[in-house]
Structures are given as C-alpha cells and as structure tokens.
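Reader: I would be grateful for a close look at a single residue in this model, set in the context of the chain as a whole. Please treat the overall fold before turning to the residue itself.

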Amino acid sequence: MNQDLLLLSKITSRDKKALSDLYDKYVHYLYNLIHRYITEVHRIEKVIRQLFDCIWKAPQSFSESKPFSKTLTIFCLKIIQKEKACSPFNN
C-alpha cells in the first residue's frame, strides 16, 4: 500500500494526524494549482479547506484506482469550478 492510501486508511479511522500529514504533503502543489485559476489568497485557502473537508468526510471517495494525486487534482478542479461559478469576480 502506498503512503497516500495508508494515510487515507488512517483518515477513515478518524486519524487527524494522517489528515495533517496529507495536507502537509500536498498543500504547496494544491496552492500552485489553484493559483492558476484563482488569484485571491483567501479564495485559494477556501478551496483547500473545502477539499480537505471532503477528504475528512469521505476519504473512501479519494481511494479510487487512479493515482491519488490525479484524484486529488480532479476533485480540486471541481471545487474551483464551483467556486468560480459562485464568485462575482471570475478571474
């Protein structure tokens, strides 16, 4: 089992440290990804919070057969799309 799937397994067991470890591993990647679509820092942070909230609530949704980073990117892009649709400023 790779490290990401192990962390997701621990998150399923409500291990907050595993969520923190996953966050630390991917936050810089996610920030850079989101910044391509959204420039305001508070909105970028909101998307990251929403994503990790989804991971905490339904970690099994992220343990698909695809590599975790790809699944994470897809979920992130969906949140960005919703965030941009709800914002009066589409940048």
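Author: Of the 91 residues in the protein chain, 36% are buried. The model is a predicted one, and its accessible surface comes to about 5,700 Å², with 56% of that area belonging to carbon and sulfur atoms. The protein chain contains 4 helices and 0 strands, and its elements follow the order α-α-α-α from the N terminus. With a radius of gyration of 13 Å, close to the 12 Å that the globule rule gives for 91 residues, the protein chain is therefore as compact as a globular protein of that length. The C-alpha trace spans about 40 × 25 × 20 Å along its principal axes. Among contacts between residues at least 6 apart in sequence, 59% join residues at least 24 apart. As for charge, the protein chain carries 15 positive and 9 negative side chains, and the centres of these two sets lie 5 Å apart.

The residue chosen for the close look is Glu83, which is placed in helix H4, spanning residues 68-86. Glu83 has a relative accessible area of 9% and is therefore buried, since the cut-off for that class is under 20%. Leaving aside residues up to four places away in sequence, Glu83 touches Ile38, Arg43, Lys46, Val47 and Gln50. One of these, Arg43, is also joined to Glu83 by a polar contact of 3.1 Å between the two side chains. Glu83 thus combines a buried position with a side-chain polar contact to Arg43.

Notes
Residues numbered from 1 in each chain as written. Predicted model: local features only at pLDDT ≥ 70, side-chain atom pairs only at ≥ 80, totals over all residues. Heavy atoms only, no water. Helix = DSSP H or I, 4+ residues; strand = E, 2+ residues; numbered from the N terminus. Buried < 20%, exposed > 50% of the residue type's maximum accessible area, 1.4 Å probe, protein only. Polar contact = N/O pair within 3.5 Å; in protein donor to acceptor, adjacent residues only side chain to side chain. Contact = heavy atoms within 4.5 Å. Rg over C-alpha atoms; globule rule 2.2 N^0.38 Å. Areas by Shrake-Rupley, 256 points an atom, 1.4 Å probe, with all protein chains shown as cover. Lys, Arg positive; Asp, Glu negative; His and termini not counted. Charge placed at Lys NZ, Arg CZ, Asp CG, Glu CD.
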